[in-house]
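Let's take a friendly walk through this structure, looking at a few side-chain contacts. Have the 3D view handy as you read.

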Amino acid sequence: MEALFTSTALVALAEIGDKTQLLAILLATRFKRPWPVIAGIFAATIANHFLAALVGSQVASLLDGAWFRYLIAASFIAMAAWTLIPDKIDDLEDKPARFGAFLTTTIAFFLVEMGDKTQIATVALGARFHDVVLVTIGTTLGMMIANVPAVFLGNELIKRVPMRTVHVVAAVLFLAIGLWLIAQTAGWL
């Protein structure tokens, strides 16, 4: 259950103010149909995060050694720093949709999530917990916790949530996990 809860909390916090959340708001305002947008976010996240967790888990299985555990710890610490750098809506392109709300959202979310903070975090979580299913469920749940309200509340949510505070809390969680992994690998715990 640790994999599920940790994955959910980290991704939910890391996603707030992230470019995929901003994309959710953009798509919701463009299509004015929240349910197909939410379904597209869900489908894209399941596919993307399953692959990311699988990569993390498989790499960890192949490279099981102290140096690799230190590398995973360092990746969590790097994620802490990266989380403090907010994304901007200007980074997203506003092109007309060729397909319906569901397919446009699914494709856009899958592509925008490639190399994103939450995808990299999912790889690291997969490597840390070696549980592809629970990490995928947790990270997907975290994405939905952050993005479903964004779809329904849109810009009002961004105006009212103190993004800097959310980013700092997420960064502290990533940092704590990284430091905990270093201490555990070094035998201090």
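How many salt bridges are there by the rule used here? The count comes to two. Keep in mind that this is a predicted model.

Let's start with Lys117 and Asp18. These two form a salt bridge, and their closest N and O atoms sit 3.8 Å apart. Along the chain the partners are 99 residues apart: Lys117 belongs to helix H6 (residues 117-129), while Asp18 is in the loop between helix H1 (2-15) and helix H2 (19-31). So this pair links distant parts of the chain. Are the two partners buried or exposed? Lys117 has a relative accessibility of 1%, so it counts as buried. Asp18 is buried too, because its relative accessible area is 0%.

Now for the other salt bridge, which joins Lys19 to Asp116, with 4.0 Å between the closest N and O atoms. Lys19 lies in helix H2 and Asp116 in the loop between helix H5 (101-113) and H6, so the contact ties together parts that are 97 residues apart in sequence. Lys19 counts as partly exposed, at 23% relative accessibility. Asp116, at 2%, counts as buried.

On to the rings. The structure holds two aromatic pairs, and here they are side by side:

| Aromatic pair | Distance between ring centres | Angle between planes |
|---|---|---|
| Trp35 and Phe152 | 5.3 Å | 70 degrees |
| Trp67 and Phe68 | 5.9 Å | 75 degrees |

Why is the pair of Trp35 and Phe152 called edge-to-face? Their planes are at 70 degrees, and planes over 60 degrees apart count as edge-to-face. This pair links distant parts of the chain as well: Trp35 is in helix H3 (residues 34-62) and Phe152 in helix H7 (residues 132-153), with their positions 117 residues apart in the sequence. Trp35 is exposed, with a relative accessible area of 59%. For Phe152 the value is 41%, so that ring's residue is partly exposed.

Trp67 and Phe68 have their planes at 75 degrees, so they make an edge-to-face pair too. Which of them is buried and which is exposed? Trp67 counts as exposed, at 54% relative accessibility. Phe68, on the other hand, is buried, with a relative accessible area of 6%.

Note on methods: Residues are numbered from 1 along each chain as its sequence is written. This is a predicted model: local features need pLDDT of at least 70, side-chain atom pairs count only at pLDDT 80 or more; totals for chains, interfaces and linings use all residues. Side-chain values use heavy atoms; hydrogens and water are left out. A salt bridge is a side-chain nitrogen of Lys or Arg within 4 Å of a carboxyl oxygen of Asp or Glu. Helices (H or I, at least four residues) and strands (E, at least two) are DSSP runs, numbered from the N terminus. Buried means under 20% relative accessible area, exposed over 50%, partly exposed in between (1.4 Å probe, protein chains only). Rings of Phe, Tyr and Trp (its six-membered ring) pair if their centres lie within 6.5 Å; planes under 30 degrees apart count as stacked, over 60 as edge-to-face and the rest as tilted.
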